[in-house]
Amino acid sequence: MSGKKELRLGARGEDAAAHYLAGQGYAVLARNYRKRFGEVDIVARKDGVLVFVEVKTRSSARFGTPAEAVDRRKRRRISAAALSYVTMHGLEDAPARFDVIEVLSRGGRPSVVHIQDAFAFEEPS
């Protein structure tokens, strides 16, 4: 798949994930929160819990599930960006968790799988 197609697929996956979260009662606080050392695709809140969401979109599961692509390096980068978000917004005492949303897009219809508490905070290196 070409780079532009991958970007469009990823953007559609993030849109589907944000729509799914809103439908489940989450307030989406930020999308694509970027710092030089990492990024969080979606920052949301539900029932007082901050949720940092990594969205992984694929057109097939032929090479494994999308969540399997969230390796240790990626988890550290997400953790670093989440720590920055919490600090910048004065939310150090708020309960938080890290979720992964898998979006499998076949034939233009996204299938969403929400994995809550997918991983723990990993100390950035």
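User: Which residues do ring pairs link into a cluster here?

Analyst: This is a predicted model, and in it ring pairs link Tyr-33, Phe-52, Tyr-85, Phe-98, Phe-119 and Phe-121 into a cluster.

User: How many aromatic pairs does the count come to, and what makes two rings a pair?

Analyst: Rings pair if their centres lie within 6.5 Å. By that rule the count comes to five aromatic pairs.

User: Why is the pair of Tyr-33 and Tyr-85 called edge-to-face?

Analyst: Their ring centres are 5.1 Å apart, and their planes sit at 90 degrees. Planes over 60 degrees apart count as edge-to-face, so that's the label this pair gets.

User: What parts of the chain does the pair link?

Analyst: Distant ones: Tyr-33 sits in strand 1 (residues 27-35) and Tyr-85 in helix 2 (residues 72-88), 52 residues apart.

User: Are Tyr-33 and Tyr-85 buried or exposed?

Analyst: Tyr-33 is buried, and Tyr-85 is too. To earn that word, a residue needs under 20% relative accessible area.

User: What makes a set of residues a nonpolar core, and how many residues has the largest one?

Analyst: The members must be buried residues of certain kinds, Val, Phe and Tyr among them, joined through side-chain atoms within 4.5 Å. The largest such core has 16 residues, and Val-40, Val-43, Phe-52 and Tyr-85 have the most contacts inside it.

User: Which elements supply this core?

Analyst: Strand 1, strand 2 (38-46), strand 3 (49-58), helix 2 and strand 4 (96-106) each supply at least two residues. Helix 2 gives the most, with five.

User: What does Val-40 touch?

Analyst: Leaving aside residues up to four places away in sequence, Val-40 touches Arg-31, Asn-32, Tyr-33, Phe-52, Val-53, Ile-78, Ala-81 and Ala-82. There's also a second, separate core of twelve residues, which includes Ala-16, Ala-44, Val-51 and Ile-101.

User: How many helices and strands does the chain have, and in what order do they run?

Analyst: It has two helices and five strands. From the N terminus on, the order is α-β-β-β-α-β-β.

User: Why does the radius of gyration of the chain agree with a compact globule?

Analyst: With 125 residues, a compact globule would have a radius of gyration near 14 Å. The chain has 14 Å, so the two agree. Along its principal axes, the C-alpha trace spans about 45 × 35 × 20 Å.

User: How many of the 125 residues count as buried?

Analyst: The share is 38%. As for the outside, the chain exposes about 7,400 Å², and carbon and sulfur atoms supply 48% of that.

Technical notes
Residues numbered from 1 in each chain as written. Predicted model: local features only at pLDDT ≥ 70, side-chain atom pairs only at ≥ 80, totals over all residues. Heavy atoms only, no water. Phe/Tyr/Trp six-rings, centres within 6.5 Å; stacked < 30°, edge-to-face > 60°. Helix = DSSP H or I, 4+ residues; strand = E, 2+ residues; numbered from the N terminus. Buried < 20%, exposed > 50% of the residue type's maximum accessible area, 1.4 Å probe, protein only. Contact = heavy atoms within 4.5 Å. Rg over C-alpha atoms; globule rule 2.2 N^0.38 Å. Areas by Shrake-Rupley, 256 points an atom, 1.4 Å probe, with all protein chains shown as cover.
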